[in-house]
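Hi,

Here is the structure I promised to pass along. Have a look at it first, and my notes follow below.

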Amino acid sequence: SDFPTAPVQFTSNTSRVFSPGKVQLTVEWSAPPASQQNGDSLTYSVRVFQNDSRLSPAIGPVIPFPIWPDLSLTPGNTVNSTAVNGGFFLPFVFYQFEVTPVNSVGAGPTAVTRFLSASTLPTDVPTNVSFVSTASACDVSSLTCLSNLTVRFNPQAALNQNGPLLGYNVSYTLLSGQSNLLAGSPAGWQGFFVANTTYASEYVFTVPVSPTTLQPNVMYNISVAMVNSVGSSNFSSSVVMQTAEAVPTAPPANVSVTAVNSSAVRVQWQDPLLSKQNGQLTNFTVFYKRWDNFSPARGLGVFGS
């Protein structure tokens, strides 16, 4: 008798998603040719390594599973996650399987296979979410405002992405009691997607805020979720924020002028719609000029309405 003189031949590997964050792996191989087994009672020593970075197929330095240095299978030509790791492997990780045929004399040559486990949904949520709304720029002629919203948060650890990162979903809804400010605003949660494929320990992005999304000077609940190639994580705990004020986008209503005497008039008006005030009104400016005079109009500041 002699030890085996040929390695096994890998025939397949299967990566199956069991649940978010859990993957079942199965590796199969064929035995060395009978003429090169050189003995009976052939078993196999299996060693498994995982990549420590999850971002490259390179193995090293490696992290051995608790079954190190070997797992003897009798008589099998299959190993799965139940046998090797007590149940499951991690998703989106490069694993290396080393299988060595062993007979009663000793061990033969080792065969190696390496592959990426399947991706699953992210299993964590962004933390330390905060928002800053910057001052709005408004086009009074079109009665619209455009501001910027800066979102800052700590994304999930790379180990919890569980697949190629695509970006983040930002979801928002009016804070309870604010719905009367925005007539016609959509009910319930709204949102938008921000593409980002680079992982960082802290992520900051700025997005334009238009009248079709967030409105100026309104309080919202906002939360963030990570999106990978499989889908979205759960959303973070919502954070209350108030968007920045903007200039009013509607004129005073029901303006009227009444002569008081030969040198005075009374000008009256009503505040613009609350949804168009875009902040706390501080004063009004009344412009006036002679009807038959081409001189520039003069302005008079008025506090209050």
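**What I found**

Let's start with a loop: the one between β11 (144-154) and β12 (165-174) holds Asn162. Bear in mind that this is a predicted model. Phi of Asn162 is near 65°, so a positive value in a residue that isn't glycine. Most residues other than glycine have a negative phi. Is Asn162 buried or exposed? With 2% relative accessibility, Asn162 counts as buried, because the cut-off for that is under 20%.

Asn128 also has a positive phi, about 50°, and isn't a glycine either. Asn128 sits in strand β9 (residues 127-133). At 59% relative accessibility, though, Asn128 counts as exposed, because that is over 50%.

Now for the cores. The largest nonpolar one has 18 residues, and Leu25, Trp29, Val46, Tyr95 and Phe97 have the most contacts inside it. Two or more residues each come from β2 (22-30), β3 (43-51), β7 and β8, with β2 giving the most, four residues. There's also a second, separate core of 17 residues, which includes Val129, Phe153, Tyr168 and Tyr172.

Two of those strands are worth a look together. β7 (residues 94-102) pairs with β8 in the antiparallel sense, over six bridges, and Tyr95 stands opposite Phe115 of β8. Which side chains of β8 (residues 111-116) are buried? Ala111, Thr113 and Phe115 are, pointing to one face, while Val112, Arg114 and Leu116 point to the other and are not buried. In a regular strand, side chains alternate between the two faces of the sheet.

Cheers

Notes. Residues numbered from 1 in each chain as written. Predicted model: local features only at pLDDT ≥ 70, side-chain atom pairs only at ≥ 80, totals over all residues. Heavy atoms only, no water. Buried < 20%, exposed > 50% of the residue type's maximum accessible area, 1.4 Å probe, protein only. Pairing = 2+ DSSP bridges. Core = buried A, V, L, I, M, F, W, Y, C linked by side-chain atoms within 4.5 Å.
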